[in-house]
Amino acid sequence: VPGQLKSAVVGATGYAGFELARLLLRHPRLAPPLFFSRDTAERDTDLGKVFPHLSGNASHKLLPLSPEELERHQLDLLFFATPHELSREWIPKAVARGVRVVDLSGAWRLKEAAHRKIYGFDESDGCAAKLAEAAVYGLPELHRDRVHDAQLVANPGCYATSVILALAPLVRAGLVASDSGIVCDCKSGVSGAGKQPTPRTHFVEVAENLSVYSAFGHRHTGEILEQVGLDENQLTFTPHLLPIARGILSTIYLRLNKPVEPGEIEQCLRDSYSGCAWVRVFPPPQLPQIQYCARTNFCDLGFNLSPAGTRLVLVSCLDNLMKGAAGQAVQNMNVMYGWGEQEGLN
Ligand SMILES: NC(=O)c1ccc[n+]([C@@H]2O[C@H](COP(=O)([O-])OP(=O)(O)OC[C@H]3O[C@@H](n4cnc5c(N)ncnc54)[C@H](OP(=O)(O)O)[C@@H]3O)[C@@H](O)[C@H]2O)c1
């Protein structure tokens, strides 16, 4: 149909890619999206075979990922739901051809070389460095105008989205005593680790269990520090693995610069997200839970204040595959093309 956007997903056979495929297939503004896959056993089959949830009367053939094939389809927009190594390799080529890109990986999110170290990128690659600088951090609630104009949108990390949306308004309003230390105690369902099972994510290790991983060493720490405007001594982020398939709950502990009333915190959050369809602020004492936002694109925020009004427990919940990945990617696409931010997401 003339006027409809031509889009494609690279990595559609993964968890985030599947969620993206599901959303794009029913998005009203898009021509039927295409799906690319590396040269694996799954290629040349139908995405409906990999994910029977997508079975139906239409076929969704997996196309070989090659420069010629990408060129041949004259795409407007490419989504990468792939490991960051593949995104680093392929996205510069797509961008050079003038294609707009939303990357779900961590390949282009970080502006500071010190934070990028954890990914082990080749920092001598000038082309990649330029692209990393030009990439826009795709959190529409914070960077809507820049996302609109971006050629490359770096979709944020799932944990990072939950923490940044909760913390940024309060830190920017000068309410947080950052030097007293902010603790982000975050818990995620296992789909956050992707489709390939590992000894750590194997059912037997996860079921009926709760465990900490990557304390002081998780890749999302840099994003959180950069976006909220903190240094590493001010924030401790500890991820946990929950025995559920999807969903994140972040509990954030912090001290305030002066005693405040609950209304002040609530107003700060509400003012920051007025007009933002995908952030919901709960009135205290009500707090978000994973079940309220699972399978939706909402990030839910709530808080409880200590009786003296000086200590705050902030709670942020989202679905890691939706607002933490594919839903946010579709929201970014909507912003990039000037469409309603809720289109294709309800
Ligand atoms: N899962 C989440 O909650 C979540 C949230 C936010 C961001 N992300 C990010 O989104 C990206 C995709 O995550 P995911 O959880 O969907 O991962 P996944 O389930 O492991 O899927 C990744 C897909 O990428 C493709 N791929 C290309 N090169 C690969 C390689 N060397 N090894 C493995 N797969 C490769 C594969 O598709 P083909 O074989 O068809 O090519 C695979 O199905 C990652 O960068 C991740 O960090 C994930």
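Helices here are DSSP runs of H or I at least four residues long, numbered from the N terminus. With that in hand, the pocket around the ligand is a good place to start. The model is a predicted one, and in this model two helices, α1 (15-25) and α13 (322-336), each supply at least two residues of the shell around the ligand.

How many residues surround the ligand? The count is 23, and the closest are Thr 13, Ala 16, Ser 37, Arg 38 and Thr 82. Sorted by class, the shell comes out as 12 polar, 9 nonpolar and 2 charged residues.

Some of the polar contacts can be picked out one by one. Ser 37 puts a polar side-chain atom 2.5 Å from an oxygen atom of the ligand. With Ser 191 and Lys 195, the backbone does the job: a polar backbone atom of Ser 191 sits 3.0 Å from a nitrogen atom of the ligand, while one of Lys 195 is 2.8 Å from a ligand oxygen atom. On its own, the ligand would expose 870 Å², and the protein buries 79% of that.

Now for a pair of packed helices. Helix α4 (residues 84-96) packs against helix α6 (residues 126-134) at an angle of about 75°, and their axes are 11 Å apart. Angles of 65 to 115 degrees count as roughly perpendicular, so α4 and α6 are roughly perpendicular to each other. Which residues meet there? From α4 come Arg 88, Ile 91, Pro 92 and Val 95, and they meet Cys 127, Ala 128 and Leu 131 of α6. By class, this contact has 6 nonpolar residues, 1 charged residue and no polar ones.

Technical notes:
Residues numbered from 1 in each chain as written. Predicted model: local features only at pLDDT ≥ 70, side-chain atom pairs only at ≥ 80, totals over all residues. Heavy atoms only, no water. Axes fitted to C-alpha atoms, helices over the stretch in contact; angles between N-to-C directions. Parallel < 35°, antiparallel > 145°, perpendicular 65-115°, else oblique. Contact = heavy atoms within 4.5 Å. Nonpolar A, V, L, I, M, F, W, Y, C, P; charged D, E, K, R; others polar. Near = heavy atom within 4 Å. Polar contact = N/O pair within 3.5 Å; in protein donor to acceptor, adjacent residues only side chain to side chain. Areas by Shrake-Rupley, 256 points an atom, 1.4 Å probe, with all protein chains shown as cover.
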